Amino acid sequence: MLKKRVIPVLLISQDRMVKGKQFSDFRDTGRPNSAVRIYSSQDTDELVFLDIKANQSNDESHESLISVIRSAAEECFMPLAAGGGIDSLDKVRQLILAGADKVVINTAAVLNPDLISQTAKKFGSQCVVAGIDYRNGHDGARVWIKSGSVETHLDPVSHACKLVKLGAGEIFLNSIDRDGMMDGYDLDMADKITKAVSVPVIVCGGAGNFMHLAEAFTKADISAVACASLFHFGDNSPIRARSYLRNLNIPMRTLK
Amino acid sequence: MLEKIPVLKCCTKCNLPETYETIEFDTKGVCNICRSAEARDDNTDWGERKKLLDALIEKHRGKAAYDLIIPFSGGKDSTFQLLYLMREYKIKPLVVRFNHGFMRDTIAENNLRTFKKLGVDVIDFQPNWHVVKKLMLESFKRKTDFCWHCHTGIYSYPLRVALMYQVPLVFWGEAQADITGYYDHLNDEIEYEDDKKFNMIRTLGITAEDMHDMINTPEDPVDVRDLTPYTFPPVKDLMKMRYCSVPLGSFIPWDYKNNTEEIKRELGWRADQLEGVPDELNPHGEKIECFMQGTRDYIKYIKRGYSRVAQISAFDVRSGRLSTEDAVKLGAEFDGQKPPSLEIFLEYMGLTEEEFNTIVKPMAIPPYDHKFDAKGDAVKTWDFDKFYREDNRPK
Amino acid sequence: MIGIIDYGAGNISSVIHACGRVGEDAESFSDPSLAVGYDRLILPGVGSFRMAMEQLNDLGWPEAIRAHVKSCKPFLGICLGMQLLFDESEEDGPTPGLGFISGKVEILQTKAPHRIPHVGWNSLNSTQTHPIMEGVKDQIDFYFVHSYQCVPVSDENVLATCDHGGKFVASVAKGSVVGMQFHPEKSQPAGLRILQNFAEWNGKC
């Protein structure tokens, strides 16, 4: 039986890791290589690297993501996903060659949705994770792009459906409102998305303690929880999360 | 009759609660650490393990400046591991102590007696206190565990010394499998104190390089070399030396009560008072090395709803010396008192108690929800007034 | 020395590093004529069956691989690499594969609440013993990420199945050829154990 996953998210900003609240107020949280070493030693389920500076269309920034992936792939033998400013098949190819198993396409999925289908065709749907950042507003939830700086008119649910039709193999759903607040995930939206698509959904934004992870798995058909603040700013680790969730009968990976 | 902590699910055997790190319960409600202890007692071929130990010692005897390195704190476990190895094998060890700066008088006397009776070379390293305070505060704020310097220093510095002296064999004390679920006697055989274990457990998720970046500020710079004692030495160099860093507890069955009786008898080792733990519950001197232990245990209680008495009772239940029912009673009655050493910790850190509470409480592991002042204050230990004081709080 | 076939459709670096981690020398190579120099080969694969076969055919790989397999040298196909071992795949309309194992590659189907692609950690049910699975217990999870499944004609070729709302084949073997639908190079530590077994295997069962 397929297990649920706990996925640390590493936000990269010019060779450093950072963590913020609601996509701003970023605090330095160390070097990517250190995090890779730590998570690797804990046999973590998967890692997601997101380059938050990349959408400034800066090649240097893309280089830093590639080099982080490359050295991560040398050290750890677990699934790696990379995202941030991926707007061409060439960038996808470079990340795959560097060692990424999947790419997270966010802004380009709105500005150039064909990239989703092209990537799926060339590398397979399982390689394409459609990233959806959103905020709740007066008229309902709206998708935001470019690291949460530009609002679109799109609603997350129909956007998710469209991207899956184009070939996305997973959805990475990220609530900007909940990001870094450590107050729990937005399970209403998570539930809507999981009911609307048939691909695995990863929820991100808001995890502050292990109970939030448990709620995500029990209150919506989430395949994986993504967390950042939980591990940077708490006495928590993926190993402890696994034990905690297993005690609540949530199927977690068995290593031994 | 005292009830167990009401809202926490606990092991039906040792009574440790669901908030204990890495604990997992099976269908009978018994935890993985109890099951691992059963496997250790019933399934492990200790005869085989002893042969491996014999071979390991002989392989390294006389080959380097010392036969082996023994990391040492002076607590009951490290004192036993030193006594055992010297008595059993007549080895020439280099004893390495990473002194965290909170050593108590009884331990200091115990160590003096131990070293003189056994006749060993000892290196005692005490890191820069100014740096230690910064490390304590940073790790306390990020992880509500102020012992980062201790965990990383104790488990990397002796390996650094091993490299300096080119002594490949390093013997630690108890196996991690006796305490938590990171390793277990069911699946793992010999544990290795290697870089993987260091990164998995000791660093709390923060490497030394990252910690330097976090505490080094333009207003108050920290030399990168100040973090060297907390950095795992280069694995390439350790591998070149063919290092073998293992706990004695993977080769002989660890019975801490018998071990303590032996060191008391052979070395005159003395137990001591422990904040928050009645003397009669701790005759074997668990955790008496460090005068901040009471505060460590208090933080644990605020986050997880159990503390030192519950842990000591769990060991006693597993070794058949205490009933589960009594473990429940003892934990509920004694754990959770506020320790006198908290005042000292706050002074070092420049924090008020309210600030302390505000930092720790949100890091609680659900479903535990701590109520401050519910348990009263612990009594001072006899040597409280001897602990180093320094008041850094804003006036 | 382990040879990793570089035909432009695989995550080669992870496989090389994983082999290195278990103490085995491995290198990628893109010239089929050099295949004879390796005592064992690994075929990784990511992406479309059709594109992969086109690339393999264009570069002249099938003959080199056949020669290697004919001389009973160990050969491991990972993920798409395992699918390529079969007669054909229905992905993008029937596409012929390398034909080492009789059977087809079909789309993986399941029903709610299970989702496709099959992504994440899942366990194997071994159906027969094999040196490559030495020391690997049944309940251990491996990393899967795929949308298609292999359907061998004969159960004799099945080493292990996996469950995702229905059984599918997770590992196959025939002679000196083995295939893994999951990624051993991403499934530490058990996956590394499998790679070590592969490195030590003499190609016979």
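**How chain B folds and where the chains meet**

In this predicted model, 18 residues of domain 1 of chain B are in contact with 17 residues of domain 2 of chain B. Two helices of chain B, H4 (105-118) and H5 (129-143), each give two or more residues to the domain 1 side of this contact. H5(B) makes the largest contribution there, with 5 residues. Sorted by character, the domain 1 side comes out as 7 nonpolar, 6 polar and 5 charged residues. As for where the two domains sit along the chain, domain 1 covers 46-250 and domain 2 covers 277-386. Their centres, taken over C-alpha atoms, are 25 Å apart.

Now for chain B as a whole. Its secondary structure amounts to 15 helices and 5 strands. The radius of gyration of chain B is 21 Å, and the globule rule also gives 21 Å for 395 residues, so chain B is as compact as a globular protein of that length. Along the principal axes, the C-alpha atoms of chain B fill a box of roughly 55 × 55 × 40 Å. Of the 395 residues in chain B, 51% are buried. Contacts between distant parts of the sequence show up too: among contacts in chain B with a separation of 6 or more, 76% link residues 24 or more positions apart.

One residue of chain B can be picked out for a look at its surroundings. B:Thr324 belongs to helix H13 of chain B, which runs over residues 324-334. Is B:Thr324 buried, exposed or partly exposed? It counts as partly exposed because it has 17 C-beta neighbours inside 10 Å, whereas 20 or more would make a residue buried and 12 or fewer would make it exposed. Setting aside neighbours within four places in sequence, B:Thr324 is in contact with B:Thr12, B:Lys13, B:Asn15 and B:Val317. B:Asn216, on the other hand, is 108 residues from B:Thr324 in sequence, and the two C-alpha atoms are 48 Å apart in space.

Chain A and chain C also touch. This contact takes 31 residues from chain A and 35 residues from chain C. On the chain A side, helix H2 (59-75) and helix H5 (114-123) each supply at least two residues. The largest share, 3 residues, comes from H5(A). The chain A side divides into 12 nonpolar, 8 polar and 11 charged residues.

Inside chain A, helix H7 (residues 187-196) has a buried side. A:Met189, A:Ala190, A:Ile193 and A:Thr194 are the buried residues in this helix. Looking down the axis of H7(A), these buried residues fall within an arc of 130°, so they line one face of the helix. What lies over them? The cover of the buried residues of H7(A) includes strands S8 (140-145), S10 (170-175) and S11 (201-204) of chain A, along with helices H6 (156-166) and H8 (210-219) of chain A.

Finally, there are the nonpolar cores. The largest has 155 residues, and A:Val103 and A:Ile171 have the most contacts inside it. Strand S1 (residues 5-13) of chain A provides the largest share of this core, 6 residues. Which residues does A:Val103 touch, not counting those up to four places away in sequence? They are A:Ala81, A:Ala82, A:Gly83, A:Ile86, A:Val92, A:Leu95, A:Thr119, A:Cys127, A:Val128 and A:Val129. Apart from the largest core lies another, of 92 residues, and B:Cys150, B:Tyr157, B:Leu227 and B:Leu274 are among them.

Notes: Residues numbered from 1 in each chain as written. Chains lettered and ligands numbered in written order. Predicted model: local features only at pLDDT ≥ 70, side-chain atom pairs only at ≥ 80, totals over all residues. Helix = DSSP H or I, 4+ residues; strand = E, 2+ residues; numbered from the N terminus. Contact = placed C-beta atoms within 7 Å. Nonpolar A, V, L, I, M, F, W, Y, C, P; charged D, E, K, R; others polar. Domains from an automatic or database assignment. Arc of directions from axis to C-beta. Rg over C-alpha atoms; globule rule 2.2 N^0.38 Å. Core = buried A, V, L, I, M, F, W, Y, C linked by C-beta atoms within 7 Å.
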